[in-house]
Every structure is written in C-alpha cells, then in structure tokens.
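Biologist: Before we discuss this chain, please display the sequence and the structure. I shall then ask about the sheet and the ligand surroundings.

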Amino acid sequence: MGCLPFFSVETWILLITFICIFVIYGNWTHGIFENLGIPGPKPYTYWGTIGRHNKVCTYFEIIFITKYGKVWGMYEFRSPMLAVMDPDMLKTILVKQCFTYFTNRRNIRLNGDLYDSVSTVEDDHWRRIRNVLTPSFTSGHIKEMFKIMKHLSSKLTASLTDHEILTQATMFMVAGYETSATTLAFLAYNLARNPEVMKRLQEEIDSTFPNKGAVRYEELLQMEYLDSVVNESMRLYPPAGRLDRVAKKTVEIRGITIPKDMIVMIPVYALHRDPDLWPEPEEFKPDRFSKQNKRSINPYTYLPFGTGPRNCLGMRFALVLVKLALVEVLQNYSFSVCGETEIPLTMDPGGLVGPLNPIKLKVTTR
Ligand code: HEM
C-alpha cells in the first residue's frame, strides 16, 4: 500500500466494492441474450449496443441481418431489446398474439397530457378507445368524410371522456401530419430521380382524369400504377423505421423464449431493404408492387403502417390523402433534380425516418 498512502484499508475495501457493484450493475442485464442463445452485438457496460456498430441504428440495422440472421438481441443501455425480422414470428407477435401477449408498445411515459392517446394506452383501455375510433376510419366513412363528421362526433362524445376526445384529436394531428408530409416529400424526391416513372404516372393520371379534371374517390383508389408508386416510395422510406411491442408474459415463439417485459422491436427500415426479399433493394422500382407481382410479397415483410389489430388506425385515410395530394400536384407540375438536390440523401438521425436537410427539387409547370 506504499504508493496508496491516503486511504485506510477499510476505505479501499469500500471503494473497490463500490466499483465492483457499479460495474456489475452496468452489465447485469447484458447476459440475457447469451443465456437465451440469441446472437447479437456485444454490449458495453451501461451503454449497451447503442452506437457500437453505427451512429444511427435504424438506418444500419441491415448489417445485422448478414451477421446474425432474422432474430438478434440488442441493448438500449441496460434494457434488452429483441429485434425480429422473421415473417412467421412477426405474424405471431403482431396478429395472433396481439391480444394475449403483445398488446402494448413500450411506454416511455413522456406523453404528458396525452397519456390516454390510443397509441399509448394499454390493454383494455386501448381496446375500448380503439373500438370507438375504428368505425371513423372505414373506407366508406373516409369517402363520406365531410357528410359524416357531424354524425360521428355525437357517437364519440357518448363513449369517451372529454379528455380522451381531446387527446385523440391532438394525437391524430401529430400522428398524421408529419408522417403524411414525409411520405409526400419522399414521393416527390423519388419521382424527380426517376423521370420515366413520373411520366408513366402522369399518363395514368391524365387518362383517369382527362383535361386535369376533378379527382374522384373511386377512380383514385383504382389507379394501379399510383398505388405501386406510393407503396414503393414507402418501402424505401417508411416514416416509422421501427415498430415495437412489449411482452406481457414470458412466451416461446418458434423455439425462441421471449421473457416478460422484453421489448420486441421490428426493424421495418432494414426489413424493407433486405436484399433477400427485395432484389436491388436501393432501387426505386414501383413494378415490384404491380398487381401481378404484389401477390408474391409476404405481407409480413412490408410494414409501412404496421399490421394486426394495433396497426395504423389512419392508414386508409393517410393513403387517400397522400394519393389525392400527389395526383393534384402532378396534374399541374413535374419534378426534376437540380444542382442542389442531395443524392444520396443524408438521413435525420432522430425520430421518424426523414431527410436531415430539406429536399430541394426543381418544379416545372406542365
Ligand atoms: C403516411 C402516413 C402514416 C404512416 C406511414 C403511419 C404509420 C404508422 C405506424 C407504422 C404505426 C404503428 C403500427 C404498429 O405498431 O403496428 C401507426 C400507428 C398509428 N397511427 Fe399512423 N401513420 C400515418 C398516418 C396516420 C394518420 C393520418 C393518422 C390519424 C388520422 C394515424 C393514426 C395512427 C394511430 C392512432 C396509431 C396508433 C394505433 C394504436 O395504437 O391502436 N396515422 N401509424
């Protein structure tokens, strides 16, 4: 102890014990996946696997597929998170066992006054609110949106509290606004970069609504190429790059044990760019979603709106909105790239999948 003269033996023992506890605590949860026999990147004490192989997980999770396969374990700091890309497991988690084991998303409890929003509430509370809201979003109601709104509002007031109604209205704006805006921005970008696709789409638009005629609901939803273009753009840039569910109880799915409270994360962005599922995944090719090719796509490999009972409540509404806006713009304008267009795009590391800088394109009148 000659070189360490300042502390007594007792102090040293305390200090070393403290350091040991500190390190053990930081690694305490980090053995879970090894014990379960699930592969994954090695975690750092406290830090977990965040930033270990990349700066932004969502955009680079694709590298894990080649390394670990379709299921792997990660750690967000000390929290274990199971990443699942296997379509059969996804069907079980998102659809078959939605009501029994995987009803809820993770809740970081930062919602403030929006604590009872349909996207965050849990279990029976979620089922009740979702059941009240779902009828507002059927295709018939979307079509009749304006006429029916007054009628619906009376139904809502009978079934939800004042606070619940206010929360859902605010949440729809939050959930719907940025996702739809991002989808439209990426559509414009993809069309500008693929003029032959834009031309073909404009031809479909012009033949469906001649002489820049008014856009009608039925015809809009029957436009096949428009549907393919929107689907392909959302494959490359799904605004929600990840989905998640939390296991309510310990459950075994296809030989893999998922312990109670484990977060199951679905890396949608990586799934949409998996070269095993999508040849030339970086290319914008709407024909992947043509009527004929669509049949061979496994529905659990394409999840821009999630799936199962807890999927996006506003999906139909959002698709009508996005298609309508796109058709009306393309009736009158064309997009092309210009000197200021960023290729490839730098993605925003935080929140939704989106560009870091505003997308700049050239717009010409037709
Ligand atoms: C292009 C636009 C949109 C995209 C890409 C999108 C995507 C998503 C995704 C991926 C989820 C999670 C699904 C899951 O976990 O399985 C979700 C949930 C949700 N979305 Fe959307 N969304 C869009 C627009 C909208 C709009 C316009 C509304 C409302 C008017 C809306 C309302 C909701 C709600 C309420 C939930 C939570 C549902 C629940 O927990 O029961 N979304 N959305």
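Modeller: Two strands are taken to pair if DSSP finds at least two bridges between them. Please note that the model is a predicted one.

Biologist: In what order do the strands of the open sheet of four strands lie?

Modeller: The pairing within this open sheet is mixed. Strand E1 (71-76) and strand E3 (243-246) each have a single partner strand and therefore stand at the edges, so one side of each is left without a neighbour in the sheet. On average, neighbouring strands are turned by 30 degrees against each other, direction ignored. The order is E1-E2-E6-E3.

Biologist: Which residue in E2 is the bridge partner of Met74?

Modeller: E1 and strand E2 (residues 79-84) run antiparallel and are joined by six bridges. The bridge partner of Met74 in E2 is Met81.

Biologist: At about what angle does helix H5 run to E2?

Modeller: Helix H5 (residues 87-96) lies across E1, E2, E3 and strand E6 (263-266). Its direction relative to E2 is about 120 degrees.

Biologist: Which element gives the most to the shell around the ligand?

Modeller: Of the 24 residues around the ligand, Gly176, Thr179, Gly306, Cys312 and Gly314 come nearest. The elements that give two or more residues to the shell are helix H9 (162-193) and helix H15 (315-332). By class, the shell has 13 nonpolar, nine polar and two charged residues. The element that gives the most, with six residues, is H9.

Biologist: How far apart do the end C-alpha atoms of residues 6-25 lie?

Modeller: An unreviewed UniProt entry lists residues 6-25 as "transmembrane region". In the model, this span is 85% helix and 0% strand. Its end C-alpha atoms are separated by 28 Å.

How values were computed. Residues are numbered from 1 along each chain as its sequence is written. This is a predicted model: local features need pLDDT of at least 70, side-chain atom pairs count only at pLDDT 80 or more; totals for chains, interfaces and linings use all residues. A residue is near a molecule or strand if its C-beta atom, placed from the backbone, lies within 6 Å of it. Ala, Val, Leu, Ile, Met, Phe, Trp, Tyr, Cys and Pro count as nonpolar, Asp, Glu, Lys and Arg as charged, and the others, Gly among them, as polar. UniProt positions are given in the numbering used here, feature names are shortened, and annotations may be inferred rather than shown by experiment. Axes are lines fitted to C-alpha atoms, for helices over the stretch in contact, and angles run from 0 to 180 degrees between N-to-C directions. Two residues are in contact if their C-beta atoms, placed from the backbone, lie within 7 Å.
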